[in-house]
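Here is a short briefing on helices and a surface patch. Look at the structure first, then read on.

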Amino acid sequence: MTLVSAAPAAATQERGASAYRALAFRRKLILAGLAVALVVCLVVDLMLGPARYSAGEVLSALLSPSTVPAALRVVIWDIRLPVALMAAVTGASLAIAGAQMQTVLNNPLASPFTLGISAAASFGAALALVFGVAIVPLAIDYVVPLNAFVMAMGASLLIHLLSQRRGVTTETVVLLGIALVFTFNALLSLLQFFASEQALGAVVFWTMGSLTKANWHKLAITTVVLAVCLPLFMRRAWALTTLRLGDEKAASFGIDVKRLRLETMLLVALLASVPVAFVGTIGFIGLVGPHIARMVIGEDQRFFMPASALAGAALLSASSVVSKTLIPGLIFPISIVTALVGVPFFFSLILTNRRRSW
């Protein structure tokens with residue numbers, strides 16, 4: 001009797017395991033497709049500029065730099081490659097930050113840009129650029145990124161604390177973020193009013209966003225921050241996935257929900273502020289990148305986080321390509337491109353996506 005009843009159960013278990021393996025394989029294929037799209041965008045980005053090169057020339061300069069002309073090697077390695085990689089790393093950082101904000105706040109509109117974290121980081125950077133104010137006075141060499149990080153972390157903590165108050169809904173959190181955006185934008189305008197001509201130009205750089213000032217040093221710092229934060233998020237993948245089931249369900253699995261939210265918001269502040277400190281305010285990426293990943297791969301954080309990073313990196317890299325091709329010889333500020341190209345694309349995603357993820 002026991003053997004007879006155990007056979008169907010074993011068959012059902014095997015079918016479930018087979019379905020899960022098929023699902024995991026499909027998700028890995030999607031990740032591979034996103035990675036290929038990112039590589040294509042990077043190569044095209046390296047091809048474009050005042051001097052245009054073919055894909056073969058770019059690949060030869062990357063794979064065998066000693067065999068190509070010196071001018072090509074200098075253009076690719078010293079000028080274009082840091083900018084192209086900075087676009088990819090910044091896009092990945094903003095997308096992961098947006099994905100985790102959407103997860104811990106349970107809000108599809110949450111992102112570093114919409115909730116005021118990017119605006120706070122820009123205001124902190126502007127304090128250093130206009131008045132030379134160092135929030136962390138012992139680190140004068142890195143005053144701009146540290147100012148941006150401290151202000152972004154403060155905004156993140158404020159959002160976290162207010163979201164924990166009784167009776168606060170997801171709509172209230174969005175309204176709070178909008179209020180922070182307007183507040184920091186007003187303070188930024190006040191700094192611009194008192195700024196010198198030279199400082200004003202630097203502040204405008206933050207508000208419009210630009211990848212043209214990227215270099216290997218800035219890229220290294222941004223990459224290290226991403227390399228530190230992503231594994232920490234991946235270690236919490238199971239807890240973050242469970243959090244989407246609700247606070248009570250997550251707590252029943254032994255997860256310290258308040259601590260998880262606090263740690264996540266601190267890491268989000270770090271991920272969002274460092275790229276903003278180097279390339280300025282960039283919207284859209286942290287909002288749409290996670291939604292694209294969620295639509296194609298689901299909520300499992302083991303796949304969702306890498307998919308968000310790849311989607312965000314590919315989107316910003318593609319935006320960098322568009323910024324070079326709109327008007328020949330002119331590079332548009334990257335934030336303008338992400339808004340002009342990204343917002344209509346986001347609307348199309350909303351209108352064509354019939355699944356309700358929230």
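What should the 36 residues of helix α3 span at 1.5 Å a residue, and how far apart are its end C-alpha atoms? The expected span is 52 Å and the end C-alpha atoms are 51 Å apart, which agrees. This is a predicted model: local features need pLDDT of at least 70, side-chain atom pairs count only at pLDDT 80 or more, and totals for chains, interfaces and linings use all residues. Residues are numbered from 1 along each chain as its sequence is written, and side-chain values use heavy atoms, without hydrogens and water.

**Helix α3**
- Helix α3 covers residues 70-105. (Helices are DSSP runs of H or I, at least four residues, numbered from the N terminus.)
- The expected span is 1.5 Å times one less than the number of residues.
- α3 has a kink of about 50° at R80, shortly before the proline P82. (The bend is the angle between axes fitted to the seven residues ending there and the seven starting there.)
- The rest of the structure largely encloses α3, because 28 of its 36 residues are buried. (Buried means under 20% relative accessible area, exposed over 50%, partly exposed in between, with a 1.4 Å probe and protein chains only.)
- N106 follows α3 and has a positive phi, near 55°.

**Helix α11**
- Helix α11 (residues 257-279) reaches 33 Å from its first C-alpha to its last, close to the 33 Å expected.
- In α11, 17 of 23 residues are buried.
- G280, just after α11, takes a positive phi of about 90°.

**Helix α6**
- F193 lies in helix α6.
- F193 counts as exposed because its relative accessibility is 67%.

Technical notes
Helix = DSSP H or I, 4+ residues; strand = E, 2+ residues; numbered from the N terminus.
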